[in-house]
Amino acid sequence: VTVTALDSTAKKLVFIDAAAAATGLANINTLNARAESAAHERAFRERFDVVTARAVARLNVLSELCLPYAAVGGKFIAMKGAAALPETEEALTAIRILGGTMTENIMEELIVFGERQKRCTIIIQKNRRSPKNHPRDFSRITKNPL
């Protein structure tokens, strides 16, 4: 398994590189870029078997940022909080446009610092190529989500 960590903040990637070196993990690559930009580069577009993201945006926005990285036949796995159900309904159009199908929605209860918290893992199967014009510029994604 080879892991590519993408972030627009170089400082976060410096930490990942240092942690990988300290633990002897040689299969970690880092990429300092904006997700909506690097997804249009041939080296990264539709090249990954599994794509995941921190819960940094609503699922329709995350889908536009992440599904173009997933290879046809690959998966996008989104980790969300307890309020994920309304987001999944809202994201179905975006997922379809971007070539995916939601296949699983797994709700789990975790104990975090002694508190029970619900977490949702959403698995999206990539069935066909994403349209070339996606992802759009981030300002367009957020102003007019799919």
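These are my notebook entries on a predicted model of a protein.

**Overall build**

I started with the overall make-up. I counted five helices and six strands in the protein. Reading from the N terminus, I get the order β-α-β-α-β-α-β-α-β-β-α. I then looked up the dimensions: along the principal axes, the C-alpha atoms fill a box of roughly 45 × 40 × 30 Å. The radius of gyration is 16 Å, and a compact globule with 146 residues would come out near 15 Å, so the protein agrees with that expectation.

I also checked burial and surface. Of the 146 residues, 37% count as buried. The accessible surface is about 8700 Å², and carbon and sulfur atoms hold 55% of it. On contacts, I took those with a separation of 6 or more: residues 24 or more positions apart make up 67% of them.

**The four-stranded sheet**

Next I traced a sheet. In what order do the four strands of the open sheet lie? I read it as β3-β4-β6-β5, with mixed pairing. The edges are β3 (48-53) and β5 (100-112), each of which pairs on one side only. Between neighbouring strands, the turn averages 20°, direction ignored.

I zoomed in on one edge. β3 runs parallel to β4 (residues 70-81), and five bridges link the two. In this stretch I found Val50 opposite Lys75 of β4. A reminder to myself: strands of a sheet pair through backbone hydrogen bonds, either parallel or antiparallel.

**Helices on the sheet**

Which strands does helix α3 touch? Helix α3 (residues 59-66) packs on the sheet and is in touch with β3, β4, β5 and β6 (115-126). Its direction makes about 150° with that of β4. I looked at helix α4 (residues 84-97) as well: it lies across β4, β5 and β6, and runs at about 155° to β5.

**The nonpolar core**

I then went looking for what is packed inside. The largest nonpolar core has 28 residues, and the members touching the most others are Leu59, Tyr69, Phe76, Ile122 and Ile124. Two or more residues each come from α2 (35-38), β3, α3, β4, α4 and β6. Helix α3 supplies the largest share, five residues. As a general point, nonpolar side chains tend to be buried together in soluble globular proteins.

I followed Leu59 in detail. Leaving out residues up to four places away in sequence, Leu59 touches Phe76, Ala78, Lys80, Glu87, Thr88, Ala91, Ile95, Met102, Ile122 and Ile124. The list includes polar names such as Lys80, Glu87 and Thr88 along with the nonpolar ones.

**Backbone oddities**

Last, I went through the loops. Where does Pro135 sit? It is in the loop between β6 and α5 (138-143), and a cis peptide bond joins it to His134, with omega about 0°.

I noted two residues other than glycine with positive phi. Glu46 has a phi of about 55° and belongs to the loop between α2 and β3. Phe113 has a phi near 50° and is in the loop between β5 and β6.

Is each of these buried or exposed? The cut-offs are under 20% for buried and over 50% for exposed. Glu46 has 9% relative accessibility, so I put it down as buried. Phe113 has 86%, so I put that residue down as exposed.

Key
Residues are numbered from 1 along each chain as its sequence is written. This is a predicted model: local features need pLDDT of at least 70, side-chain atom pairs count only at pLDDT 80 or more; totals for chains, interfaces and linings use all residues. Side-chain values use heavy atoms; hydrogens and water are left out. Two strands pair if DSSP finds at least two bridges between them. Axes are lines fitted to C-alpha atoms, for helices over the stretch in contact, and angles run from 0 to 180 degrees between N-to-C directions. Contact means heavy atoms within 4.5 Å. A nonpolar core is a set of buried Ala, Val, Leu, Ile, Met, Phe, Trp, Tyr and Cys residues joined through side-chain atoms within 4.5 Å. Buried means under 20% relative accessible area, exposed over 50%, partly exposed in between (1.4 Å probe, protein chains only). The radius of gyration is taken over C-alpha atoms; the globule rule is 2.2 Å times the number of residues to the power 0.38. Accessible areas come from the Shrake-Rupley method with a 1.4 Å probe; for residues, only the protein chains shown count as cover.
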